[in-house]
Amino acid sequence: MSAATKTENVITLKGSVAVVSEFFNCAINSILYQRGIYQPETFKRESKYGLTVLTTTDEGLLKYLHQIMSQMETWLVEGDVQRFVVVVTGVDSGETLERWQFNVSVDDKTGTDGKKSGDENNGPVSNEGGSGSGSGKKMGKSVKEIHNEIQAIIRQITASVTFLPLLNEPCSFDLLVYTNTTAVVPQKWEDSDPRYIMNSQEVKLRSFTTSVHKVESMVTYKEADEWEL
């Protein structure tokens, strides 16, 4: 009995990467749905983290997200991911209206925490690399505890419509990944500017840890009166 409990509280690097990657995918879908980037009829309901979440059924978007997440898993295994950003841009104005930022730190690997890199990549990936494997283990939380922390973040994303300004124009989104300078970047990925928002407001969201990775969340947005000329 005690051995089973002990095993349940051990998470490997590969297991942590899977948790973080799944969270990013769920967060992206929640943002796209809640902010109306894609039509609501293109989403389906699923049960995850003890919540009912909405995930896309759009084939083009599913393929794009699969490519991004596959590469993200490779970088996460290597400890190369520093930040992951969902950028919401007005189609008509071309302005960045929202930046959903997720900072990633690695607890058991020196040299990656807190570093900032000038390397930033966005866009679809042509080489669909699968997730790597890792054998590093750390004692820590149970999966249930991790899921409870993730649940709180997803709830905050869902509640964001109560404080974020209404998006008054059709919007598109981009995914940016900040990596270490030593990260191997596929050729089809390209450098991007940070897409910062001038005179913005920032709201810090909750964080979660897996005992291997820590993810801190925030959203930066342009105030409504800034949009209107």
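**Notebook: salt bridges, core and helix H2**

I looked up Glu22 and found that it forms a salt bridge with Lys48, the closest N and O atoms being 3.4 Å apart, where a salt bridge is a side-chain nitrogen of Lys or Arg within 4 Å of a carboxyl oxygen of Asp or Glu. The pair links distant parts of the chain, since Glu22 lies in helix H2 and Lys48 in strand S2 (residues 43–48), 26 residues apart. I take helices (H or I, at least four residues) and strands (E, at least two) as DSSP runs, numbered from the N terminus.

I note that this is a predicted model, in which local features need pLDDT of at least 70 and side-chain atom pairs count only at pLDDT 80 or more, while totals for chains, interfaces and linings use all residues. Residues are numbered from 1 along each chain as its sequence is written, and side-chain values use heavy atoms, with hydrogens and water left out.

I checked the accessibility of Glu22 and found it partly exposed, with a relative accessible area of 34%; buried means under 20%, exposed over 50%, and partly exposed in between, with a 1.4 Å probe and protein chains only.

By the salt-bridge rule I have a count of 7. Among them, Lys141 pairs with Glu149, with closest N and O atoms 2.5 Å apart, and Glu149 is partly exposed at 25% relative accessibility. Another joins Lys214 to Glu216 at 3.8 Å between the closest N and O atoms; Lys214 is partly exposed at 28%, and Glu216 is partly exposed at 35%.

I then turned to Ser211, which sits in the loop between strand S10 (200–209) and strand S11 (213–222) and is buried, with a relative accessible area of 13%. Its side chain reaches the backbone nitrogen of Lys141 at 3.5 Å.

Next I examined the largest nonpolar core, a set of buried Ala, Val, Leu, Ile, Met, Phe, Trp, Tyr and Cys residues joined through side-chain atoms within 4.5 Å. This core has 54 residues, and those with the most contacts inside it are Phe23, Phe24, Phe84, Trp100 and Phe102. Helix H2 (residues 13–34) gives the most to this core, with 11 residues.

Leaving aside neighbours within four places in sequence, I find Phe84 in contact (heavy atoms within 4.5 Å) with residues including Phe24, Ile28, Met72, Trp100, Phe102 and Leu176.

Lastly I checked the length of H2: at 1.5 Å a residue its 22 residues should span 32 Å, and the end C-alpha atoms are 31 Å apart, which agrees. The expected span is 1.5 Å times one less than the number of residues. Just after H2, Gly36 takes a positive phi of about 70°.

Technical notes: Polar contact = N/O pair within 3.5 Å; in protein donor to acceptor, adjacent residues only side chain to side chain.
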